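Thanks for sharing this one. Here are a few notes to read with the model open beside you.

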Amino acid sequence: MPHPRVVITNRPFPETVALLAPHAVLDVNGSPEPWTPDEVRDRCREATGLLAFMTDRIDAAFLDACPALRVVGAALKGYDNIDVAAAAARGVTVTIVPDLLTVPTAELAIGLMLALGRHIVAGDRDIRRNGFSGWRPRLYGAGLFGATVGILGFGKVGQAIAARLLPFGCRLLAHDASVTTIAPPLDAAVTLAGRDMLLRESDVVVLALPLTADTLHLIDATALARMKPSAHLVNPARGSLVDEAAVADALAAGRLAGYAADVFECEDWARFDRPDAIEPRLAAPDAPTVLTPHIGSAVTELRREIERSAAESILDVLQGRPPVHAVTLRDTVPC
C-alpha cells in the first residue's frame, strides 16, 4: 500500500523530516520563505496530512480543494488561522501544540517590557551610530520595580508572565472574563480587576489573549484613552488585538509612552481585511517602540520539540490512533 502524502509548508528541522519520512511521501518546503497560499493549496490537493504553521490559512475553500486531507498538525498554540468547524465538517482532524509555546512567549514578554522601559534598543542604536564616550544624563526610562503591570488575559501565558514578574517587585493586576479565582502561589500576588480599572491604573499593559471576534481591536482608541499617558503597551500575543493606527496616533499625541510588539495585524490570516504591512509610524526610526519579528517561540530546542509534537500528531491520525492534542468545537483558542 503506498504511503500517504504529507506536506510541510515551512522549512522544518531535519529531525521532523526523519520522523515522518518512513511513513509518508513528503513534500517539504526547504526555503526560509513560506509558500504562497495558492502553492500550499496546490501541493495539498492530494495530501493526506499537512504540517501547518502561522503563515498558513486553512479555511473551507482550502479544505474543499484538498478532499484527501485527513489531518492538519499545526505547529501552533493559537489556531485562529484554521477554521476548525469547517475541518470538523469535512472529517479533518486539527491538532495543536498547547503547552510548549507558553514559557518562551512569557520570557519574550518580559524582555519586551524591559527593552521598552529601559530604552535598551535606543541605547544600542545610539552606540552603533555615535560611539560611546562615557555616561551622560540621558535615556532615563521606567523600571519594573514598584510598577503596576496589568495582564489582559490570564490563561497559561498570562499566568506564566505573572510568575516571571514576581521577583521584579511589581503590583500585578489581571483581567480575564473566564477567570474568577487565582490558584496559589499567584493568588497572593495577583489581583483580579475589571478591564477599565486595569487600563486606568497600569504602568505597563501586556496582552495575553487569543484572537477572536470579541478580542479583535480590543485595544483601540477608546481603550488607549483610558490608559495613563506614561503607560507602555506590550503585545506578544496576536497583532490584531491592537488597532495599530490608533496606537500610532496615541504615541504621536503623547497619550501613550511606548509600544512593544512581537506580532502584527498584517500576519493575522484569520482576517480577510488584514493590512498589507505594519503601520509605518510604529517602525519609524525614532518611534518609541520595540518591534521583534514574531520570535516569541523562537528557542531552538523548543521549536524542534514543537515540530516533533505536531508531526507525531499527524502520524497518530494516519496510523489510526487518537491524537493527544486534537482541537474540538468545544475548545476556544488557547493562550
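1. A salt bridge here is a side-chain nitrogen of Lys or Arg within 4 Å of a carboxyl oxygen of Asp or Glu. Arg57 and Asp59 satisfy this, with N and O 3.2 Å apart. At 16% relative accessibility, Asp59 counts as buried. Please keep in mind that this is a predicted model. Over the whole structure, the search finds 24 salt bridges.

2. On the overall layout, the domain assignment splits the chain into domain 1 (5-100 + 300-331) and domain 2 (101-291). Their C-alpha centres lie 31 Å apart. Contact between the two involves 16 residues of domain 1 and 13 residues of domain 2.

3. How much area is buried between domain 1 and domain 2? The value is about 1300 Å², and carbon and sulfur atoms give 56% of it. On the domain 1 side, Met54, Arg57 and Asp80 lose the most area to domain 2, together 45% of what that side buries.

4. The interface also has a polar part. Across it there are 2 salt bridges and 7 residue pairs in polar contact, both residues being at pLDDT 80 or more. The domain 1 residues that touch domain 2 divide into 8 nonpolar, 3 polar and 5 charged. Do have a look at Asp80, which forms a salt bridge with Arg238, the closest N and O atoms being 2.8 Å apart.

5. Helix H6 (residues 120-130) holds both Asp124 and Arg128, 4 residues apart, about one turn of the helix. Their side chains meet in a salt bridge at 2.6 Å, N to O. Asp124 is partly exposed at 36% relative accessibility, while Arg128 is exposed at 68%.

6. What does Asp126 pair with? Its salt-bridge partner is Arg138, with the closest N and O atoms 2.8 Å apart. Asp126 lies in H6 and Arg138 in the loop between H6 and strand E6 (148-152), so the pair ties together parts that are 12 residues apart in sequence. Asp126 counts as buried at 17% relative accessibility, and Arg138 is partly exposed at 42%. Elsewhere, salt bridges that share partners join Arg5, Asp27, Glu39 and Arg43 into one network.

7. Finally, helix H10 (residues 244-252) has Glu244, Ala246, Val247, Ala248, Ala250 and Leu251 buried. These buried residues pack against helix H9 (221-226) and strands E10 (232-235), E11 (258-261) and E12 (289-291). At the start of H10, a side-chain oxygen of Asp243 reaches to within 3.2 Å of the backbone nitrogen of Ala245. After H10 comes Gly254, with a positive phi near 75 degrees.

Key
Residues numbered from 1 in each chain as written. Predicted model: local features only at pLDDT ≥ 70, side-chain atom pairs only at ≥ 80, totals over all residues. Heavy atoms only, no water. Domains from an automatic or database assignment. Contact = heavy atoms within 4.5 Å. Buried area = accessible area lost by both parts, 1.4 Å probe. Polar contact = N/O pair within 3.5 Å; in protein donor to acceptor, adjacent residues only side chain to side chain. Nonpolar A, V, L, I, M, F, W, Y, C, P; charged D, E, K, R; others polar. Buried < 20%, exposed > 50% of the residue type's maximum accessible area, 1.4 Å probe, protein only. Helix = DSSP H or I, 4+ residues; strand = E, 2+ residues; numbered from the N terminus.
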